[in-house]
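Here's a quick briefing to read alongside the structure. Take a look at the fold first, then dip into whichever topic you like.

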Amino acid sequence: MHIPLKIRAKRLSLLPKYCSSQAAGADLRADISDPTILEPQASILIPTGIYLEIPEGYEVQIRPKSGHALHHQITVLNTPGTIDADYRGEVGVILINHGKRAFVVQPEMRIAQMVLAQVCRADFIDEEAFSTTTRGERGFGHTGSD
């Protein structure tokens, strides 16, 4: 049994909710009063009515709902979106319609999911040379696998 981390939240809408006992992502809902049309090839910022106090050393990642992506080609534009621990504003979700038909975002519709993740920070050091590897500087598609 794992003990969940407590996240302080202020809500103007419904709190995020895990929809199954082993879900990694908690669903976020649209905090809008009227249906909003998302035209093909357009994007829009949808408010959630949620404010979070994320503990230092963590982030919240905003990810698409797979059903919206599969059935309507709706996704989160900056996937995954990162909410830093020092942000105190409302959580918003940037949806984009990659489909050919308009998509209607309904009030309280589940629009995205959020995942809490631990963050590891680095000290960047300016160096002239690196250790060598078999791959070296070969880029995209050059890991050596088929």
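## Briefing

Thr-36 makes contact with Ile-44, Phe-103, Val-104 and Val-105, leaving aside residues up to four places away in sequence. Keep in mind that this is a predicted model. The protein has one helix and 10 strands, and its radius of gyration of 19 Å is well over the 15 Å that the globule rule gives for 146 residues, so the protein is more spread out than a compact globule.

**Overall layout**

- Going along the sequence, the pattern reads β-β-β-β-β-α-β-β-β-β-β.
- The C-alpha trace spans about 55 × 40 × 30 Å along its principal axes.
- Of the 146 residues, 29% count as buried.
- Among contacts with a separation of 6 or more, 73% come from residues 24 or more positions apart.
- About 10800 Å² of the protein is exposed, and carbon and sulfur atoms supply 52% of that area.

**The core and Thr-36**

- The largest nonpolar core has 23 residues, and the ones touching the most other members are Ile-62, Val-93, Leu-95, Val-105 and Ile-111.
- Strands giving two or more residues to this core include S2 (26–29), S4 (43–53), S5 (58–63) and S8 (90–97); S6 (74–76), S9 (103–105) and S10 (110–118) do too.
- Val-93 touches Leu-28, Ile-44, Leu-45, Ile-46, Thr-48, Ile-62, Val-76, Ile-111 and Ala-112, again not counting residues up to four places away in sequence.
- Thr-36 sits in strand S3 (residues 36–38), and it counts as buried because its relative accessibility is 19%, while the cut-off for buried is under 20%.

**Salt bridges**

- There are three salt bridges in the structure.
- One pairs Glu-53 with Arg-8, with the closest N and O atoms 3.3 Å apart; this links distant parts of the chain, as Glu-53 is in strand S4 and Arg-8 in strand S1 (residues 8–11), 45 residues apart.
- Glu-53 counts as partly exposed at 33% relative accessibility, whereas Arg-8 counts as exposed at 59%.
- Asp-27 bridges to Lys-65, the closest N and O atoms being 2.8 Å apart; Asp-27 is in strand S2 and Lys-65 in the loop between S5 and H1, so this pair ties together parts 38 residues apart in sequence.
- Both ends of that bridge are buried: Asp-27 has a relative accessible area of 5% and Lys-65 one of 16%.
- Asp-27 also bridges to Arg-110, with the closest N and O atoms 2.8 Å apart; Arg-110 is in strand S10, so that pair ties together parts 83 residues apart in sequence.
- Arg-110 counts as partly exposed, at 34% relative accessibility.
- Through shared partners, Asp-27, Lys-65 and Arg-110 are joined into one network.

**Around the helix**

- Pro-64 is in the loop between S5 and H1 and touches Thr-75, Val-76, Thr-79 and Gln-113, not counting residues up to four places away in sequence.
- The C-alpha atoms of Pro-64 and Arg-8 are separated by 23 Å, with their positions 56 residues apart along the chain.
- His-71 belongs to helix H1 (residues 66–72) and counts as exposed at 57% relative accessibility.
- From His-71 to Asp-126 it's 47 Å, C-alpha to C-alpha, for residues 55 apart in sequence.

**A surface patch**

- Leu-5, Ile-7 and Leu-116 form a nonpolar patch on the surface, with about 210 Å² of accessible area together.
- Leu-116 lies in strand S10 and counts as partly exposed at 31% relative accessibility.

Terms used:
Residues numbered from 1 in each chain as written. Predicted model: local features only at pLDDT ≥ 70, side-chain atom pairs only at ≥ 80, totals over all residues. Heavy atoms only, no water. Core = buried A, V, L, I, M, F, W, Y, C linked by side-chain atoms within 4.5 Å. Buried < 20%, exposed > 50% of the residue type's maximum accessible area, 1.4 Å probe, protein only. Helix = DSSP H or I, 4+ residues; strand = E, 2+ residues; numbered from the N terminus. Contact = heavy atoms within 4.5 Å. Patch = residues over 30% accessible without salt bridge, like charges linked within 9 Å, V, L, I, M, F, W, Y side chains within 5 Å. Areas by Shrake-Rupley, 256 points an atom, 1.4 Å probe, with all protein chains shown as cover. Salt bridge = Lys/Arg side-chain N within 4 Å of Asp/Glu carboxyl O. Rg over C-alpha atoms; globule rule 2.2 N^0.38 Å.
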